[in-house]
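Me: I would like a close look at one enclosed space in this model and at the parts around it. Please state the cut-offs as you go.

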Amino acid sequence: MSHGNVPILDLGPDIQRNLGEYVKAFEDVLKSGQFILGPSVEGFEKDAAAYLGTKHAIGLNSGTDALVIGLRCLGVGPGDEVITTPFTFFATAEAISLLGAKPVFVDIDPRTFNIDAAQVEKKITAKTKVILPVHLYGQSADMEPILALARKRGLKVLEDTAQAWGAEYQGKKAGTMGDVGAYSFFPSKNLGAFGDGGLLSTNDDKVAELARKLRAHGGKNKYFNEMLGYNSRLDAVQAALLRVKMRTIDAYNDLRREAARRYGEILSRVPGLETPAEASGCKHVYHQYTVRLTSADRQAVQDKLTQAGIQTMIYYPMPLHRMPMYGLAEGSMPEAEKASQQVLSLPMGPDLPAEVQARVGEALRNALRA
């Protein structure tokens with residue numbers, strides 16, 4: 001990779017390093033003949049709950065389903081409002097809208113790109129049911145004021161932790177502080193499966209029971225359906241493979257943090273460039289290493305990096321409140337709009353060599369000079 005193209009994420013080294021364990025896990029599922037739920041999923045759920053420090057972990061088909069089912073478990077339905085950020089992947093608001101509820105957007109903190117907790121209360125109405133912060137790029141939102149506000153106003157909190165498996169806030173794992181945590185195991189995530197996968201975490205027995213019903217067509221017992229649900233069970237093969245990946249997740253997250261530290265040194269004092277900030281009390285796991293280009297033409301910079309063989313991504317080029325289906329209903333969100341025009345995510349991962357980072361840094365400096 002040091003002399004060829006540099007991908008935004010290289011999954012190859014992990015696959016080669018742990019190929020034997022992945023193959024064995026796959027073969028064990030094949031030999032068991034249990035491909036839907038069963039011991040592989042139960043084992044992973046137990047591992048996940050222990051890692052997160054929660055009472056329940058329910059394996060689901062995707063992170064999007066974790067959001068939809070989580071919101072339903074918290075009683076969200078038609079006519080309700082859910083407060084969230086406009087600077088996130090579409091699935092966050094999509095899950096709200098799919099239930100007939102309304103996403104109410106709050107602008108972001110420009111330092112962290114996460115929802116600005118200080119602006120949440122003014123968006124609460126009689127229809128508000130849930131606050132849905134997103135732990136973007138691998139860093140927790142500022143949860144203490146959000147949780148305090150939710151207690152004060154009698155609201156529920158669902159944490160979108162799709163990008164932040166293993167991140168911490170004041171010593172607690174992201175996704176474990178609110179009523180529900182929603183996680184994604186999309187292959188590019190820090191804890192990524194080899195296909196789609198998701199998880200819902202909670203300490204509430206009733207929420208857990210309802211989530212397990214909803215993932216299996218709305219019934220606890222097969223052919224005795226109590227409500228309309230979903231076909232949203234974590235695949236047994238994916239669960240087995242994720243159990244292997246769980247063994248190295250903390251070490252891999254530490255390697256991401258070390259790569260972020262190196263980037264910080266390489267890119268310090270580069271004119272027109274802001275590197276990401278780690279908020280006080282947070283343990284950032286750098287799902288993405290996202291910089292701001294404060295004065296350059298981002299497209300021109302990205303084109304130069306592409307020509308140099310370096311892949312970059314823009315997460316996200318349009319804030320959700322500007323999407324056609326939402327149509328600026330919440331008015332201007334200046335910080336989210338500004339971020340959408342400035343952010344650029346650089347190659348990141350646990351196997352990112354220092355010499356490749358130096359190459360990325362040099363190419364970025366040259367592009368900015370140009």
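Which residues line the second largest cavity?

Reply: This is a predicted model, in which local features need pLDDT of at least 70 and side-chain atom pairs count only at pLDDT 80 or more, whereas totals for chains, interfaces and linings use all residues. Residues are numbered from 1 along each chain as its sequence is written, and side-chain values use heavy atoms, with hydrogens and water left out.

The second largest cavity is lined by R111, T112, F113, Y137, Q139, P276, A277, H284, Q288 and T290. A cavity here is a set of points, on a 1 Å grid over the protein atoms alone, where a 1.4 Å probe fits but cannot get out, while a pocket is an open set with protein on both sides within 12 Å along at least five of seven lines; lining residues have an atom within 4 Å of a point. The volume of this cavity is about 50 Å³, a volume being the space filled by probe spheres set on the points, which are joined across faces, edges and corners. Its lining divides into four nonpolar, five polar and one charged residues, where Ala, Val, Leu, Ile, Met, Phe, Trp, Tyr, Cys and Pro count as nonpolar, Asp, Glu, Lys and Arg as charged, and the others, Gly among them, as polar.

The whole structure holds two cavities of 30 Å³ or more. The largest cavity encloses about 60 Å³, and L9, D10, M348, G349 and L352 lie nearest its centre among the 11 residues that line it. Its lining has eight nonpolar, one polar and two charged residues.

Two residues of the second largest cavity, F113 and Y137, lead on to the aromatic rings, since both belong to one aromatic cluster with F87, F89, Y315 and Y316. Rings of Phe, Tyr and Trp (its six-membered ring) pair if their centres lie within 6.5 Å, and the pair is stacked if the planes are under 30 degrees apart, edge-to-face if over 60 and tilted for the rest. By this rule there are 15 aromatic pairs. One of them, formed by Y22 and F194, is edge-to-face, with 5.1 Å from centre to centre and 70° between the planes. This pair joins distant parts of the chain, with Y22 in helix 2 (residues 19-32) and F194, 172 residues apart from it, in the loop between strand 8 and strand 9 (198-202). Helices (H or I, at least four residues) and strands (E, at least two) are DSSP runs numbered from the N terminus. Y22 is buried at 6% relative accessible area, whereas F194 is partly exposed at 37%; buried means under 20%, exposed over 50% and partly exposed in between, with a 1.4 Å probe and protein chains only.

F113 also leads into the largest nonpolar core, which has 41 residues and in which L71, F87, F113, L132, L158 and L200 have the most contacts. Such a core is a set of buried Ala, Val, Leu, Ile, Met, Phe, Trp, Tyr and Cys residues joined through side-chain atoms within 4.5 Å. Among the elements that each supply at least two of its residues are helix 4 (63-73), helix 5 (91-98) and strand 4 (128-132), and helix 4 gives the largest share, six residues. With contact taken as heavy atoms within 4.5 Å, and leaving aside neighbours within four places in sequence, L158 is in contact with residues including L67, L71, V130, L132 and V180. Another core, of 26 residues with F44, A49, Y183 and V244 among them, lies apart from the largest one.

F89, a member of the aromatic cluster, is one of the residues nearest the centre of the largest pocket, along with A162, S184, F186 and K189, in a lining of 24 residues. This pocket has a volume of about 440 Å³, and its lining consists of eight nonpolar, 13 polar and three charged residues. Helix 4 and helix 5 each supply at least two of the lining residues, and the largest share, three residues, is from helix 4.

Helix 5 has A91, T92, A93, A95 and I96 as its buried residues, and these pack against helix 4, strand 2 (81-84), strand 3, strand 4 and strand 5 (156-160). After helix 5 comes G100, with a positive phi near 80°.
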